[in-house]
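Hi everyone, thanks for coming. I'd like to walk you through a structure that may be new to you, so have a look at it first.

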Amino acid sequence: MAKTYTFEALGLLHGSMDDSLKNINTLASRVFGVPISFVSVLEKQDGRQYISTYVGSCFDDPTVRDIPIEESICQYVQVSQKTVAIPDLLEDARTRENDFVIQNGLRSYLGSPIHTVSGKVIGAVCCMSDSPREWTQHEVGILEDMARCVDDIVRARTSALEEHKARVDLQEIMATRSGYIAHVSHEIRTPVTGIIGAIKLLQGLKSVEQSKNLISILDRSADKLLKFVNDVLDLTKLDAGHFEVVEEETDIGKLASDILSEFQSLADSKSITLSVNNQLAGNTYLADKDALQTVMQNLVGNAVKFTDTGSITVSIGEDSYGQVAINVVDTGIGIAPEHHEKIFKEFQQAEPHTARTYGGTGLGMPIVKRMVDRMEGTITLKSALGQGSTFSVLVPLEIATQQDAAA
């Protein structure tokens, strides 16, 4: 499944009208002989309908291009997930009191669904006329073909964006390779030096108490070295493309609860409240359970590490594009905006003293980023110093089972 981007990220919304989409509107207007044709995008999380491109002077007013979904006719396309034809808007119970219809003297509507790359209905290609009209099956088929053209544009824009990001990432990797090798050497040498030194001291000791202290140093150094080696191996496999997405039916809410229970004792020792806000209760998804577990373990583990008091909440739901949204929100030390991108780079942490104060290899977040990328998802961060952090993961997943109420 391809990564899902918002229409805004693809350059198809909230800017100048895209020529390709505008051409489709122009063609629809001419083919059907109607004064109005437009492409709508329905952002369910915002509760808004936005007009991406249009033909028709009624949309010259910017306020008409941004309306609540409940005032939208295209909402019926998204709900039904198929083409909607309304012969007479003033006779249909759904639209006869619609302000836009009345103010512009509109009488008929035809709308076909457009989709994200993950297959979710995100909006519609629409035509409207100023007189009642019985839309024929031939006309319905033509508009559905035009809607498929919009889907092709979305896929092409997504591929182009992915290719651009891949080139940028490759350039960054090549530029930082020397620093990468130097940091690997340092991270290996530090615990190995501790291990060798402790072994030499143990050989000449007779005191049991001193032996215990040195064994404790050996244990910590060995754990640090093993953790580092495992992280490097995981990162190497991800970069080499050896990470395979293995899908299985997954209850993401239960997975989040299980992960929080792993950190409960540590959270209790710091008087931190852990909670899950699951808006997907009853739903299961086809997902790589192990990858999601690794992602959430790292995010929750970091949240606990960098939070001294307050709370950590894992919120799970869906965004407007039908992607599963996982938000890990903490009340910790926060991260300055200028360091937001840095933490997703190998061996980088927000501040030089972070590793000394809190420990860590600096590989946890890069691994999270790589795993989210492999699942065709995205991860973003909202944070400021002293104001906590919110890590947001969006992953396009197919629903395996859905609760009856939502269905």
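I'll talk about the empty space inside and then about one strand and its partners.

Please keep in mind that this is a predicted model. Let's begin with the inside. Rolling a probe the size of a water molecule over the atoms shows where empty space is left. How many cavities of 30 Å³ or more does a search of the whole structure find? The answer is one. The space in this largest cavity comes to about 100 Å³.

So who sits around it? The lining of the largest cavity is made up of 13 residues. Those nearest the centre are Phe-38, Gln-49, Ile-67, Ile-73 and Phe-100. As for character, nine residues of the lining are nonpolar, three are polar and one is charged.

Now please scroll along to strand β13, which covers residues 389–395. Is this strand mostly covered or mostly open? Mostly covered: of its seven residues, five are buried.

Strand β13 has a partner in β11, residues 324–330, and the two run antiparallel with seven bridges joining them. If you'd like a spot to find on screen, look for Asp-330, which stands opposite Ser-389 of β13.

Strand β12, residues 378–383, is also joined to β13, here by six bridges, and this pair is antiparallel too. In this pairing, Ile-379 has Val-393 of β13 as its bridge partner. Together, β12 and β13 form a hairpin, with five residues between the two strands. Have a look at Gly-386 in that turn: its phi is positive, at about 75°.

That's my tour, and I'm happy to take questions.

Conventions: Residues are numbered from 1 along each chain as its sequence is written. This is a predicted model: local features need pLDDT of at least 70, side-chain atom pairs count only at pLDDT 80 or more; totals for chains, interfaces and linings use all residues. Side-chain values use heavy atoms; hydrogens and water are left out. On a 1 Å grid over the protein atoms alone, a cavity is a set of points where a 1.4 Å probe fits but cannot get out, and a pocket is an open set with protein on both sides within 12 Å along at least five of seven lines; lining residues have an atom within 4 Å of a point. Grid points are joined across faces, edges and corners, and a volume is the space filled by probe spheres set on the points. Ala, Val, Leu, Ile, Met, Phe, Trp, Tyr, Cys and Pro count as nonpolar, Asp, Glu, Lys and Arg as charged, and the others, Gly among them, as polar. Buried means under 20% relative accessible area, exposed over 50%, partly exposed in between (1.4 Å probe, protein chains only). Helices (H or I, at least four residues) and strands (E, at least two) are DSSP runs, numbered from the N terminus. Two strands pair if DSSP finds at least two bridges between them.
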